[in-house]
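Thanks for making time this morning. I would like to take you through one model, starting with a ligand and its surroundings and then moving on to the metal sites.

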Amino acid sequence: AKKMGKNNYQFFNRAMNELAVERHTTEVELRRAINGNELLVYYQPKVDLVSGMATGAEALVRWNHPDKGMMLPDAFIPVAEDSGLIVAIGKIVLRQACGQAKAWHDQGLHSFTMAVNVSALEFRDRHFVESLRNVLDETGLDARFLQLELTESVLMRNVDSSIAVLRELKQLGVQLAIDDFGTGYSSLSYLNQFPIDVLKIDQSFVQSISSSVGNGVIVNAVIGMGTCLGQRVVAEGVETSAQLSFLHTHHCTEGQGYLFSAPVPADDFTRLLGQGVIG
Ligand code: C2E
Ligand code: CA
Ligand code: CA
Ligand code: CA
C-alpha cells in the first residue's frame, strides 16, 4: 500500500507539473497575444423578443492562436485572471467594442447598446472608472450605449465597495447588467441595493425550460421580479423556438442565443444587420 501511495503521489506530482507548465506557457503566449494582434472581438446580437430587432450586442473575446487556431475564452480567461493579464485584455476588448458600437451608430443604428464583460480584477482596479471614461472619450461613444456585464460573485465579494463602484459607474452614465443571474448566491436584499438596469438569466435555466417544469417556473419568477424592479430581463442561450415561445409568452423583453446568431466577427454582424436577419 505504501508503494502504491508513492506511485500515486509521483503520478499526481507529474500531472501537477504538467499543468503548471501548460499554464505558464499559456501566460507567456498570452503576453505575446496582447502585444501582437492575436486577440479578436466577436459580437453576438441581443434581440428584442417583440420586434425581432437587434437591440445591441455582447462583445466576446477570441484568441487567434498561431498554432492552435481560434481559441474560446474558457481556454485562457482563467490564466488571464490568475496572472492579472485580464486587465490588459479587458482594455483591448473595451476599446474595440466601443469603437465598433460608435461605427454602427454612425451607420444609423442609433440606439444600439454594446455589452462588455467585466471580471473581478478589472472591477476592483482603482483606475477602472477612469480608464472607462478615457475609452468613451477616445471612441466618441455615448456612455449610455455601453453596458457592463458583472456576475453576482464579483458583486458579492465586497458588497459595500461594490455599491460604491456601481454608483460611480451610474454617474458616468453606463448601463449595468448582472450576468449569469441565478447561478451565484446573491441574496435578494442586496440585489435591490445594486443600481442594476438589466438581469441576464443564465443559459442553464433557459435551456431546460422545456425539459424541467421547475426551471420554467424559475425563469418566469426572474422575469417577474426584474420587471417589478424596473429592470430589463435578457434570456441567455436561447437555442430553440420552444424556448423563444415560452419567453415571449412570459413577457421576457430580450433574448440572446444561437437561435438568433452565434457570436461573429464585426463584418459578419454588419452583414446580418443588412440582411435584416436580426434587425
Ligand atoms: P458569458 O458572458 O456568459 O457569455 C455567454 C457565452 O455563451 C459565450 O461563450 C457565448 O458564445 C455562449 N453562447 C451564446 N449563445 C449560446 C447558446 O445559444 N447556446 C450555448 N450553449 N452557448 C451560447 P464564450 O464566448 O465562449 O465566452 C465564455 C465566457 O468567457 C463568457 O461567458 C464570459 O464569462 C467570458 N468572456 C468572454 N469574453 C470576455 C471578455 O472580453 N472579458 C471577460 N472578462 N470575460 C469574457
Ligand atoms: Ca456575459
Ligand atoms: Ca452569461
Ligand atoms: Ca457564463
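Let me begin with the make-up of the shell around ligand 1, which by class holds nine nonpolar, seven polar and eight charged residues. Please keep in mind throughout that this is a predicted model. In total, 24 residues surround ligand 1, and the closest are Gln-44, Arg-62, Asn-117, Glu-239 and Tyr-258.

Where in the fold do these neighbours come from? Strand S2, residues 54–65, helix H3, residues 86–106, strand S6 and helix H9, residues 203–207, are the elements that each give two or more residues to the shell around ligand 1, and the largest share, four residues, is supplied by S2.

Turning to the polar contacts, the side chain of Glu-239 places an N or O atom 2.5 Å from a nitrogen atom of ligand 1, while for Gln-44 the separation between a side-chain N or O atom and a nitrogen atom of the ligand is 3.0 Å. Asn-117, by contrast, has a polar side-chain atom 3.0 Å from an oxygen atom of ligand 1. As for how much of the ligand is covered, ligand 1 on its own would expose 800 Å², of which the protein buries 84%, and the space that ligand 1 takes up is the largest pocket.

Now to the metals, beginning with the calcium ion that is ligand 2. Its protein donors are Glu-58 through OE, Asn-117 through OD1, Glu-149 through OE and Asp-179 through OD, at distances of 2.1 to 2.3 Å, and along the sequence these donor residues follow the spacing E-x58-N-x31-E-x29-D. Because Asn-117 lies in strand S4, residues 113–117, and Glu-149 in strand S5, residues 146–151, the pair ties together parts of the chain that are 32 residues apart in sequence.

Which residue bridges the calcium ions that are ligand 2 and ligand 3? That residue is Asp-179, and the two ions lie 3.9 Å apart.

The calcium ion that is ligand 3 has as protein donors Asp-179 (OD), Asp-180 (OD) and Glu-236, the last listed with OE twice, at 2.2 to 2.5 Å, and the spacing here reads D-D-x55-E along the chain. Asp-179 sits in strand S6, whereas Glu-236 is in the loop between strand S8, residues 232–235, and helix H11, residues 241–249, so that distant parts of the chain, 57 residues apart, are linked by this pair.

Finally, there is the calcium ion that is ligand 4, for which the coordination listed is from Asp-180, with OD given twice, at 2.9 to 3.0 Å. Asp-180, found in strand S6, residues 175–181, coordinates both ligand 4 and ligand 3, and those two calcium ions are 3.8 Å apart.

Notes:
Residues numbered from 1 in each chain as written. Chains lettered and ligands numbered in written order. Predicted model: local features only at pLDDT ≥ 70, side-chain atom pairs only at ≥ 80, totals over all residues. Heavy atoms only, no water. Donors = N, O, S within 2.8 Å, 3.2 Å for Na, K, Ca; no water. Near = heavy atom within 4 Å. Polar contact = N/O pair within 3.5 Å; in protein donor to acceptor, adjacent residues only side chain to side chain. Areas by Shrake-Rupley, 256 points an atom, 1.4 Å probe, with all protein chains shown as cover. 1 Å grid on protein atoms, 1.4 Å probe; cavity = no way out; pocket = protein on both sides within 12 Å on 5 of 7 lines; lining within 4 Å. Sits in = over half its atoms within 2 Å of the grid points. Nonpolar A, V, L, I, M, F, W, Y, C, P; charged D, E, K, R; others polar.
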